[in-house]
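Thanks for coming. I will go through one structure today, a few places at a time. Please have a look at it first.

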Amino acid sequence: MFPSSHYHVYSLPAELLDTLTPRNLATTSQPSRPPSPELTVSVTPSGPRTCNICQGATFLALDHQRAHFRSDWHRYNVKTRLAGGTSVTESAFSQLVEALEDSLSGSESSSDEDDSSDTDAVNNLVNKTKRKARSLSPDDHRTRAAPQTALTWFHSPPSTQIGVYKALYSDPKDAPNYLNELQDMQHSSQEGRTWAMFMVAGGHFAGAIVRVSPPAEDEDEVGKSKKKKTQKPRPDTEVLRHKTFHRYTTRRKQGGGQSTNDNAKGNAKSAGAQLRRYGEQSLRDDIRNLLVEWGDEINDCERIWIRASGSNRKIFLGYDDAIISKGDDRLRTFPFPTRRPTQSELARCLLELTRVKLTHFTEEALREQDEAYLQSLPKPKPAPTAPAPEPEKPKPVKLSKEEEQLREKWSRILEMVTKGRLEPLKSFWEREGPAIGTIDARIPEWTGERRATLLQVAAQAGHEDLTQWILEEARADPTIPVPNPKFDDPDDTIEGGNQSDASDTPKTLAKGARRTAYDLARTKGVRDVFRRCAATHPDWWEWLGAARVPSALSQQMEQVQEEKKKERRKGLKDRIKERETKEREREKEQPQAPEPAPEPRRRSVPQSDSTSRRLGGGVGAGEGVAGLTPEMRAKVERERRARAAEARMKALGS
């Protein structure tokens, strides 16, 4: 449909410009966009014109279509489509306008002030629609952050796309007005559009003042001349002024300016460093003098393009009587990589900026690209859940002096019972016992002790004398049950308390029964203390029932047990003696074997030092060289002959 492969951004064909629509970037989370309706655009005077964005909009004349592009309805639909929504009909838009508090009057005016007010009103309406959509379904309109590109793309049905650099627009961030501003770019001013382009790097400078669109008068003259005769086409761009020069500012194959090196490492005192400092000063003065010389042209320029590093950028901006102010809205940087500043590089950058990028993809191919791009985007991170509030830590309770003293006493008592210190415990109990209570007083929970009484602690610790003192002299109650075990503690089980095969082992707990201090005893000696006390004082407690003591142990029973032990030991000794006697008799009965005759000693023949130290040996010389390579054997043989010759020479000399 459009045969040309190169278009100038300020002279696009009217047929192409009238059919352009903003190309929606694939930034929404929807898997695919709905196909746009098949709308035909007729360029014949008799055929109707339509709008691809607004539904049901047809125009008989080109002026009507252009007026529609300036209307609030079209602007609202363009912004809605860019945001990922759907366009609305004219009646639906009228209802939205009526519901809006701010009036959208003056939409047909083409003045700058009216356009700005209309744009603000349309923005308010779009923002209101977005807030309403977010309140209805916040999860359906989440967008993925896509990387920003330097180009903005427009689509012309059926398969034409053009790309224009965003830096060409007056406000590169105002995406909804890209299309309107692109249409305004096609109308030149009376003086034409001019740009100022500057590059500086590595001591090289290149600058130019270029005209990117001819004045309006020239366009009219060209139109009149076409009727008369065909003339040679004028170029799209024209270089009005240009200048390039070079100064020695960087060390060869090192990079970086001399001022940068001085700031980092201090001022160098070499001759080359002084030359580079002079070159930097000369380059700065030459560029600023050139800016003053081109001051009038720079003030008339529509865009000012500067390629300079941080330090070189100070050459153009931020000094007294600067031609270019630091906050000038016309300032731009080149949105693509550039090479060494030269006149040809400026021409290449000018062509890159003014020539639109052209592609030919069908709507199906574009849709496939969108889907592939959406799949390549990283999945949005789940919204962080609010952490559960941490439970408030209990504030430490302030204790009185009496409570602190009581806690200290309990801590000292438990320490003495656990370590088996009987004498200190007796004296301490005589002095502080009445303040604590009875011997059966419950151990406080704040101590962290799992047992209920001091008797249970002493029994589990395995201290016999301490347990006997608590039972007999302090008269502790052995029937107090042990608290229920917590967290399956192995020490809180009967098997963890004692393991014995003797008759004093506690019986298995009946259903509903509770353990006592006797069940916590780990050794037989501690259990015998309970049994002796049960025999000595049977009327104090219910020893054989609630205390779970299996039987009493009197002195007579201990004597009988001791006699039985002695008898067992005596019988064991007798059996050992009998076994030893039988072994001796068995050895005497066995016949003695004759002693073997001693072997005759072989007389060892001493070897002389000469033969024993000889490499390869004397008699066993053949065995000494066994396994050697032929070269090693020859070497051994030569050494043996040399030693033999030396021995003969010594014999002759003596």
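I start with a single pair of residues: Ile 304 stands opposite Leu 331, and Leu 331 is in E10. Before I go further, note that this is a predicted model.

The strand that pairs with E10 here is E9, residues 303–307. The two run parallel and are joined by two bridges. As a general point, strands of a sheet pair through backbone hydrogen bonds, either parallel or antiparallel.

Where do E9 and E10 sit in their sheet? The sheet is open and has five strands, in the order E8-E7-E6-E9-E10, with mixed pairing. Its edge strands are E8, residues 238–246, and E10, residues 331–332, and each of these pairs on one side only.

Between E9 and E10 there is a loop, and Asp 321 is in it. Asp 321 is not a glycine, yet its phi is positive, at about 60°. Is Asp 321 buried or exposed? Its relative accessible area is 74%, and the cut-off for exposed is over 50%, so Asp 321 counts as exposed.

There is another residue of this kind to show. Arg 548 also has a positive phi, about 65°, and is not a glycine either. You will find Arg 548 in the loop between helix H18, residues 524–536, and H19. Here the relative accessible area is 15%; buried means under 20%, so Arg 548 is buried.

Next, strand E4, which covers residues 151–156. How many of its six residues are buried? Five are, so the strand is mostly covered.

E4 has pairing with E1 and with E5. Strand E1, residues 21–22, pairs with E4 in the antiparallel sense over two bridges. In that pairing, Pro 22 has Phe 154 of E4 as its bridge partner. Strand E5, residues 160–165, also runs antiparallel to E4, and six bridges join them. One position to look at is His 155, which stands opposite Gln 161 in E5.

What connects E4 to E5? A hairpin does, through three residues. Pro 158 lies in that loop between E4 and E5. The peptide bond that joins Pro 157 and Pro 158 is cis, with omega at about 0°.

Ahead of E4 is the loop that comes from helix H5, residues 112–136, and Thr 149 has its place there. Thr 149 and Tyr 165 are 16 residues apart in sequence, while their C-alpha atoms are 9.0 Å apart in space. The relative accessible area of Thr 149 is 44%; that lies between the cut-offs of 20% and 50%, so Thr 149 is partly exposed.

My last stop is a charged region on the surface. Which residues gather in this patch of positive charge? They are Lys 564, Lys 565, Lys 566, Arg 568, Arg 569, Lys 573 and Lys 577. Take Lys 564 as the example: it lies in helix H19, residues 555–589. Its relative accessible area is 47%, so Lys 564 is partly exposed. A patch residue needs over 30% relative accessible area, and Lys 564 at 47% therefore passes that cut-off.

To recap two of the places: the five-strand sheet has E8 and E10 at its edges, and E4 is joined to E5 by a hairpin. That is what I have for today.

Conventions. Residues are numbered from 1 along each chain as its sequence is written. This is a predicted model: local features need pLDDT of at least 70, side-chain atom pairs count only at pLDDT 80 or more; totals for chains, interfaces and linings use all residues. Side-chain values use heavy atoms; hydrogens and water are left out. Patches are made of residues with over 30% relative accessible area and no salt bridge: like charges are joined within 9 Å, nonpolar side chains (Val, Leu, Ile, Met, Phe, Trp, Tyr) within 5 Å. Accessible areas come from the Shrake-Rupley method with a 1.4 Å probe; for residues, only the protein chains shown count as cover. A salt bridge is a side-chain nitrogen of Lys or Arg within 4 Å of a carboxyl oxygen of Asp or Glu. Lys and Arg count as positive and Asp and Glu as negative; His and the chain ends are not counted. The place of a charge is taken as NZ of Lys, CZ of Arg, CG of Asp or CD of Glu. Helices (H or I, at least four residues) and strands (E, at least two) are DSSP runs, numbered from the N terminus. Buried means under 20% relative accessible area, exposed over 50%, partly exposed in between (1.4 Å probe, protein chains only). Two strands pair if DSSP finds at least two bridges between them.
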